[in-house]
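Colleague: Could you take one part of this model and go through it closely, setting out how its helices pack against one another and which residues make the contacts?

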Amino acid sequence: MVDLDAIYSARGPLARAVKGFRARPFQVEMARAVAEAIEGKNVLVAEAGTGTGKTFAYLVPALLTGGKVILSTGTKTLQDQLFDRDIPTVRAALGAPVTVALLKGRANYVCHYHLERALQDAWLPTRDDARHLSEIERFARNSSTGDRADCAAVPEYAGIWSHATSTRDNCLGSKCPHYDACFVMKARREALAADVVVVNHHLFFADLVLRDEGAAELLPACNTVIFDEAHQLPETASLFFSESVSTSQLIDLARDTRLEGAAAAKDYAPLPEAARELERAARDLRLTFTEDSGRIPARTLDGDAGFEAGLAAALGALDTLASELKKQAERSEGLMGCWQRALSFAEQLERWRSGVDEARVKWVELFGHALRLHSTPLSIAEIFRGQVDDHARAWIFTSATLSVNRDFSHYCGQMGLADARTASWDSPFDYANQGLLYVPRGLPEPNTPEHTEAVIEAALPLIEAAGGCAFVLFTSLRAMRRGRELIERAFAERGWNYPLLVQGDGSRSEMLVRFRDLGNAVLVGSQSFWEGVDVRGEALSLVVIDKLPFAPPDDPVLAARIEKMSREGRSAFLEYQLPEAVITLKQGAGRLIRDETDRGVLMLCDPRLLSRGYGKRVLASLPPMKLTHHAGEAIEFLSARPTSRPSARRAKAPPATTR
């Protein structure tokens, strides 16, 4: 039996290997629970507060207990952090002889076949695309992994990547002429041979559902599955247990047909013409909606002549293309693949527009230049439970936010984990002294036009007292944009020179680097900055949240789930909407205190915390900070915090004022 107390002790191997490592009782308790779950092949749902050290708590038993482990994270950034830093550190400290592999989705790897096709194509839209494609070709010749993250010469957001990578739809698999040199296959082979495989949630579920990119082979052989940032799983699982088809997929099919036809069927003119018709019909289908973005229930489109005609035209063009592809499919594997894709898309479109399935909700998602047709299950609990019961193995779900005041029933109900062991460990941080929760009185109701203005007006004295160093987080993009306008105006009127960073002005990683480096910035953000953001030290001393993050009730999936629960005589608000909002709020609140020396104020600007009965339940789920309703107390708390860089943290501004 592994002596976990010794490993995590102040004189243990982790303490010797990791600078600043400290023995934490809750970390040992969590590690013991993980080890027991692995040994007993049980299900564990483990909530560990910020600072518990949950990563090392699950890595030690995972690396020492033996057997194959799949470790799934919330983002590719966390995936890289585990693979490049955390696992090597723990493995070296323990002297554990385990092999580790990193497996990403196929879109992260250069595809030799599609790169070759793109290089032959004379229709590249811009000179930048042509230049970037040459850089990708050079990278592919010299890289051992083909991972696009390693290709520094081409921005990750460059559109040309879609021409040089494959998708599940257009991959030729074992029939590809470059199969033996395929970067995806190499990564898969390494993953099959490794003791520990690091993936992300999207890849895990894509592979689980589609039986495509490796997990279908990895899962039967593994002894343990660990989900870090497990609070994201219900949404991710819903996405991948859905059926969907988009106009972008149809346009990609038309493009690939044109390229394959130029290579293998130049003499057959009807093929490129059919491809052009499909592309035109797909674009016209998107143009039946005037909105830039949104989510629309399918039932509201009944009788919408424009949409129905557009969908029929797209399906007709798809059928025509499939017919032409069938005549030429034997001429190349690429054309055969396009024909099979056309048949699959046609089947999905027919299924989407026909009939009603009471277990699913059909809806349309709008993007700037595309739309996607979704069919989403109202509940994933039974589907996911089937995966858990499929084979005896340990399943471990961990995050800082899985419960509502230590009640895991909402999360476990969503995931079908009714019989799971649940456990919660508090953060070791001294929230009573490190943090202050400020809930101002007298603010307008969140659904009124005056609310955002009142939030900014109330936050300005605290921003000044903090010397910038603030996150101002909104629950909607509209409120965020309005908040930005108000803050810019207020800074100009007061002569304040705090740097203002706004979500969308750059990538999240770039903005975080700037925020940390500036030391006195104010960052205005929405959903992107509510979680997975770690700013330690003086640069972040104030987090302002405009209101409780209830999902919009007009969201088609949420509306359908609420309707179903209401039909069953259940309270959708108490059982679903409120727990979801609390878990999301805990993520946003968790941005403030990231280290035992951090100090700051969490400002929640939703009057419902004081006027509604559920407000106490929400507040009880937050870290145990002292609560105040007085601006002066919050300003005093911020002004009194020690700072080593007063000149960098203070803008040229008049003294603080309060109303």
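Modeller: What follows is a close look at a run of three helices, with a few remarks on cysteines and on one further residue at the end. Please keep in mind throughout that this is a predicted model.

I begin with helix 13, which spans residues 247-264, and helix 14, which spans residues 270-286; their axes come within 9 Å and cross at roughly 165°. Because an angle over 145 degrees counts as roughly antiparallel, helix 13 is roughly antiparallel to helix 14, and the crossing of this pair is left-handed. On the side of helix 13 the contact is formed by T247, L250, I251, L253, A254, T257 and G261, which meet L271, A275, L278, E279, A282, R283 and L285 in helix 14. Sorted by class, this contact holds nine nonpolar, three polar and two charged residues.

Helix 14 also packs against helix 15, made up of residues 305-328, and here the axes come within 9 Å and cross at roughly 160°. That angle makes helix 14 roughly antiparallel to helix 15, and the crossing is again left-handed. From helix 14 the contact draws on P270, L271, A274, A275, E277, L278, A281 and L285, while helix 15 supplies F307, G310, L311, A313, A314, A317, L318, T320, L321, E324 and L325. The residues of this second contact divide into 15 nonpolar, two polar and two charged. Reading the two contacts together, L271, A275, L278 and L285 of helix 14 appear both in the contact with helix 13 and in the contact with helix 15.

Turning to the cysteines, the count of disulfides in the model comes to zero. C151 takes part in no disulfide, and the nearest cysteine sulfur, belonging to C111, lies 15 Å away; C151 has a relative accessibility of 4% and therefore counts as buried. C605 is likewise in no disulfide, with the nearest cysteine sulfur, that of C469, 18 Å away, and its relative accessibility of 1% means that C605 counts as buried.

The further residue is L64, which is found in helix 4, residues 54-64, and which counts as partly exposed because its relative accessibility is 30%. Leaving aside residues up to four places away in sequence, L64 touches V2, I7, L94 and A96. L64 and A92 are 28 residues apart in sequence, and the distance between their C-alpha atoms is 12 Å.

Terms used:
Residues numbered from 1 in each chain as written. Predicted model: local features only at pLDDT ≥ 70, side-chain atom pairs only at ≥ 80, totals over all residues. Heavy atoms only, no water. Axes fitted to C-alpha atoms, helices over the stretch in contact; angles between N-to-C directions. Helix = DSSP H or I, 4+ residues; strand = E, 2+ residues; numbered from the N terminus. Parallel < 35°, antiparallel > 145°, perpendicular 65-115°, else oblique. Left-handed = near helix turned anticlockwise from the far one by under 90°. Contact = heavy atoms within 4.5 Å. Nonpolar A, V, L, I, M, F, W, Y, C, P; charged D, E, K, R; others polar. Disulfide = S-S within 2.5 Å. Buried < 20%, exposed > 50% of the residue type's maximum accessible area, 1.4 Å probe, protein only.
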